[in-house]
Structure formats: C-alpha cells, structure tokens
Amino acid sequence: MLATALIALDSTILATAVPTIVDELGGLTQFPWLFSVYLLAQAVSVPVYSKLADTVGRKPVMLIGIALFLAGSLLCGIAWDMGSLIIMRAVQGLGAGAVLPVSITIAGDIYTVAERAKAQGYIASVWAVSSVVGPSLGGVFSQFTSWRWIFFVNVPLCLVAAWMLSRSYHEKVERVRHRIDYAGAVTLTLSLTLLILAVLEGGQAWAWASWQSIGGFAVGVALLVAFVLIERRAAEPILPLAIFSRRLIVTTLLISLGVGVVLIGLTSYVPTFVERSLGVQPVVAGLAVAALTLGWPLAASQSGRLYLRVGFRPTAVIGLVVAAVGAALLWLTSSGSASIPAVAVSCFVVGLGLGLVAAPTLIAAQASVPWNERAVITGANMFMRSVGSAVGVAIFGAVANNVIAGQSDPKRGIELGSHAVFLAVVVAAVLSIVAGVLMPNTKVSDVEDTPSASDDSETDDREQGVPTGQDAGRPGGRSASSVVGTAAPADRFDA
C-alpha cells in the first residue's frame with residue numbers, strides 16, 4: 001500500500017501545480033508531455049518488469065522500481081527547464097512501471113483466492129485517498145512553499161516503503177540459469193513506444209494524417225509482428241504467447257481494456273464538464289470525480305463475498321452492468337439537468353461497478369496460472385488498462401473536438417462535447433459486458449491455489465519465519481510465502 005501510494009499521489013498531485021510550474025520554467029506548449037511521457041514510460045516497461053518478476057522474484061524488481069521512482073523524483077525536484085523536467089518524469093514512469101504490477105502480484109502471492117479481494121480493496125483505497133489528498137497537497141505546496149516539494153515529498157515515502165518491503169517481505173526463488181529474451185524485450189518496448197505515442201499524440205501534437213502518425217503506426221505494427229516471430233522461437237519469451245490461447249486470460253484482458261476506456265472518459269471529462277457547465281471551483285469538480293474512486297475500493301473489498309458464492313463471471317457481469325448503468329445516468333443528467341450531487345452519484349455508481357469488475361477478473365486470471373506466470377498475467381492486465389486509457393483519450397478527444405468545433409458558444413460546445421463523450425463511455429461499458437459474458441464460468445474451486453513446496457522447503461521456511469502453505473500471507477503474518485521460480489511445474493505452485 002505504501003509503494004502504491006507513491007504512484008497514486010504522483011498521478012494526482014501534479015495537475016494542480018502545472019500553472020505554477022509553467023510560470024517558473026516556461027514551456028506552456030510542452031507541459032502536456034509531463035503526463036504523456038510518464039504514462040508512456042510506465043506502460044511500455046510493465047511487460048519487461050513483469051517477466052523479470054517471474055524470473056528473479058518480486059522483491060528485487062519492486063526495489064528497483066522504488067529506487068527509479070526515488071531517483072526520478074529527486075531529479076524532477078531540481079529540474080532547470082521544462083525539457084529537463086519532462087525527461088525526469090520519464091524516469092519516474094519507469095519506476096512506476098515496476099511498482100504497480102509487482103505490488104498487485106505480491107498480493108496475489110501471499111493471500112488466498114478468498115482473501116485477495118479484500119487485499120485488492122486495500123490497495124484500491126490508496127487511490128481513493130490520493131484522489132482527495134493529492135490535488136489539495138499539490139495546491140498547498142505550489143501556493144505556500146514551492147512546486148518542487150511535490151517531487152521531494154516522494155523521497156521519505158520511497159525510503160519508508162523500501163525499508164518496510166526489505167524488512168517484512170521474504171521470498172525464496174530457486175536460482176537457475178535463465179536465457180534472457182533481449183531481442184523480444186527491445187522489440188516489444190520499441191513497438192509499444194511507437195504505437196502508444198502515436199495514439200497519445202495523434203490529433204494533439206500532430207494531425208492523424210501526418211507522417212508522424214502514419215509512420216508511428218506503420219513501424220509500430222511491423223515491430224509488433226517481428227516481436228511475435230521472435231517470441232515463437234525464444235527459449236524464455238518475455239511474453240509467452242501461449243497465454244493468449246486461454247479464453248479466461250483473453251476475456252479478462254479485454255475487460256481490463258474496457259475499464260481503462262471508461263476510467264479515462266470520466267476522469268478526463270467530468271471535471272471540465274462540471275467546471276464549465278455548472279461554474280463550480282476545480283476543488284469541487286475534483287470531489288465529484290473522487291466519488292468514483294470511493295466506490296471502487298468499497299466494492300472491490302466486498303467482491304470476494306460475491307465471487308465465492310456465484311463465481312467470477314457472474315460477479316464481473318454484475319459489475320459491468322452496474323458500471324454501464326452509472327455511465328448511462330451520467331449521460332442522461334448531463335443533457336441539461338446536471339447537478340453536482342447527480343454527477344457525484346453517477347460516478348460513485350460507476351466506481352461500484354468497476355470495483356466489482358477489476359478485482360475479481362484479475363484474481364481469476366492470477367489464480368489460473370502458476371507462480372512463474374502470475375506477474376506476466378498481472379502486468380498484461382495493467383498494460384491493457386493503460387492501452388484502454390490511451391485509446392480512450394484519442395477517441396474521446398476526437399468526439400469532443402468534432403462537437404465543439406460545430407458550436408459558436410464555447411460553453412455550449414463543452415456541454416455538448418462532454419455529453420457526447422459520456423455517451424461513448426456508455427458504449428464502451430456495454431461492449432465490456434460482452435467480454436464479461438464470454439468469460440468461462442470459473443468458480444473459486446476451479447482455480448484454488450495448491451501448495452507445491454516440498455517438506456524440506458517448508459521446514460527451511462519455518463526456520464526463517466516464512467509462512468508456508470495455506471498460512472502464507474494470512475493477515476497478521478510478517479512474510480510472504482515460499483515460492484519456487486520458473487522451475488516450478490505448471491500445475492504445482494505455492495499459494
């Protein structure tokens with residue numbers, strides 16, 4: 001939770017300080033890159049970190065991510081112009097790319113299937129708190145001290161998180177010689193960088209029909225094809241293609257894509273709609289969106305009760321329907337009878353739905369694979385959510401700009417543009433329901449983790465104070481479970 005708080009705070013604390021940063025450093029036209037380069041670095045690094053976590057263990061990768069985030073924060077705090085700040089934000093993004101998926105993977109390792117929903121709810125609650133604390137803290141630093149403290153505040157948090165992780169999390173990975181898939185890692189990173197960059201900046205920094213967009217998509221797709229060919233021959237592929245032959249994995253990844261689209265639609269356009277249409281202050285607009293992040297952890301923490309009774313697919317479908325209803329309420333209220341309470345309630349309902357979707361689908365995917373694939377599956381889930389956000393930004397931006405361009409009154413244009421975006425969010429939510437229905441009807445008993453450590457391993461772990469078997473990771477325990485790395489058989493792994 002501490003490590004996740006680093007990323008959650010950073011994603012919300014910066015926005016309120018942008019005007020102050022621009023006033024001091026200049027670069028008004030460049031400041032959107034503060035967000036784009038961070039998201040890009042985070043997204044493209046997730047698959048690589050996930051594979052490393054399955055190869056060498058979670059702990060070293062997590063510590064590397066925290067160290068990179070710490071270094072990036074320090075460098076951002078001493079940036080001398082907008083260009084240097086953008087570069088340092090990329091370093092921060094590389095750290096975030098390790099922390100997010102690996103922290104969720106660790107929760108999958110040390111908790112049973114029945115307990116993971118509550119653990120995921122705790123992690124999600126960090127985002128709920130950050131959505132309220134982050135903007136306020138950013139405003140306080142900008143107004144009363146310096147915007148640089150937005151980044152310096154991460155230093156003690158990074159140190160505490162790294163210290164607690166080093167002290168409390170213990171894993172035992174069987175050390176074997178690995179053949180690192182350098183070619184696959186480089187090809188995948190370059191491909192994702194070009195494709196996500198083309199999506200993020202298309203229609204913004206350059207036109208969709210420009211050589212930058214066309215070239216980015218063309219070269220990115222060509223590299224993606226080359227990556228697939230490389231992975232088919234790699235001894236230890238960075239992203240095992242076999243996982244995409246499993247219906248449970250494919251459908252949960254599609255659902256994660258839809259969650260990313262819905263999230264970005266609300267978090268990007270609800271504040272603008274509320275501020276411009278209802279004339280409220282930015283803080284109030286932020287609180288309306290915060291209702292979404294309050295509903296999410298509440299539902300996620302209780303989703304375990306539901307999927308233990310009815311299974312993962314019914315739980316996911318119920319959540320998707322609830323999210324679609326919330327999105328429809330937002331679309332209906334934005335047509336002329338909008339109010340702050342109505343918008344907040346709609347966002348809260350969407351959050352409840354997404355909380356019932358995100359945790360159970362991820363847990364089902366994690367529990368269906370052995371330890372040496374769990375981080376890859378978790379990383380793929382996080383990556384697809386990032387892709388959904390990137391694609392959503394492009395689609396919603398095109399929709400809103402097209403509507404606004406046809407209006408002479410800017411305020412009316414924003415109202416109609418936001419209304420059109422909210423309708424597109426409803427469509428995305430409905431399409432996600434289809435993916436939920438296509439999930440295999442998996443119950444907890446079908447994917448319940450089974451211990452695989454030998455008696456000798458368990459004895460060693462007890463001597464080291466590491467819980468084993470079903471005691472591993474129980475609330476109140478200090479340590480993670482004993483794990484066996486990539487040498488573990490595919491059908492035997494520790495809970």
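**Reading a helical model: a dialogue**

Me: How many helices and strands does the protein chain contain?

Reply: The protein chain has 18 helices and 0 strands. Please keep in mind that this is a predicted model. Of its 495 residues, 55% count as buried.

Me: What share of the contacts with a separation of 6 or more comes from residues 24 or more positions apart?

Reply: Such pairs account for 82% of those contacts in the protein chain. One case is G121, which lies in helix 6 (residues 113-144). Its C-alpha is 4.1 Å from that of S301, although the two are 180 residues apart in sequence. Beyond its neighbours within four places in sequence, G121 is in contact with P297, A300 and S301.

Me: Is G121 buried or exposed?

Reply: The cut-off for buried is under 20% relative accessible area. G121 counts as buried because its relative accessibility is 3%.

Me: How should one describe the packing of two helices?

Reply: Two packed helices are described by the angle between their axes and the distance between the axes. Here, the axes of helix 9 (residues 182-201) and helix 15 (residues 371-405) cross at roughly 35 degrees and come within 8 Å. By class, this contact has 8 nonpolar, no polar and no charged residues. Helix 9 contributes L192, I196, V199 and L200, which meet F383, A390, V391 and A394 of helix 15.

Me: Which side chains meet in salt bridges with R58?

Reply: A salt bridge requires a side-chain nitrogen of Lys or Arg within 4 Å of a carboxyl oxygen of Asp or Glu. R58 meets D54 at 2.7 Å, N to O, and D109 at 2.6 Å, N to O. The second pair links distant parts of the chain, with R58 in helix 4 (residues 58-77) and D109 in helix 5 (residues 82-110), 51 residues apart. R58 is buried because its relative accessible area is 0%, and D109 is buried because its value is 1%.

Me: Where are the partners of the salt bridge between E373 and R246?

Reply: E373 is in helix 15, whereas R246 is in the loop between helix 10 (211-233) and helix 11 (247-278). Their side chains meet at 3.2 Å, N to O. E373 is buried, with a relative accessible area of 17%, while R246 is partly exposed, at 29%. Elsewhere, salt bridges that share partners join D54, R58, D109 and R374 into one network.

Me: Which residues make the nonpolar surface patch?

Reply: L2, V160, W163 and M164 make a patch of about 380 Å². Helix 8 (residues 154-168) supplies the largest share, 3 residues. L2 belongs to helix 1 (residues 2-13) and counts as partly exposed, at 37% relative accessibility.

How values were computed. Residues numbered from 1 in each chain as written. Predicted model: local features only at pLDDT ≥ 70, side-chain atom pairs only at ≥ 80, totals over all residues. Heavy atoms only, no water. Helix = DSSP H or I, 4+ residues; strand = E, 2+ residues; numbered from the N terminus. Buried < 20%, exposed > 50% of the residue type's maximum accessible area, 1.4 Å probe, protein only. Contact = heavy atoms within 4.5 Å. Patch = residues over 30% accessible without salt bridge, like charges linked within 9 Å, V, L, I, M, F, W, Y side chains within 5 Å. Areas by Shrake-Rupley, 256 points an atom, 1.4 Å probe, with all protein chains shown as cover. Axes fitted to C-alpha atoms, helices over the stretch in contact; angles between N-to-C directions. Nonpolar A, V, L, I, M, F, W, Y, C, P; charged D, E, K, R; others polar.
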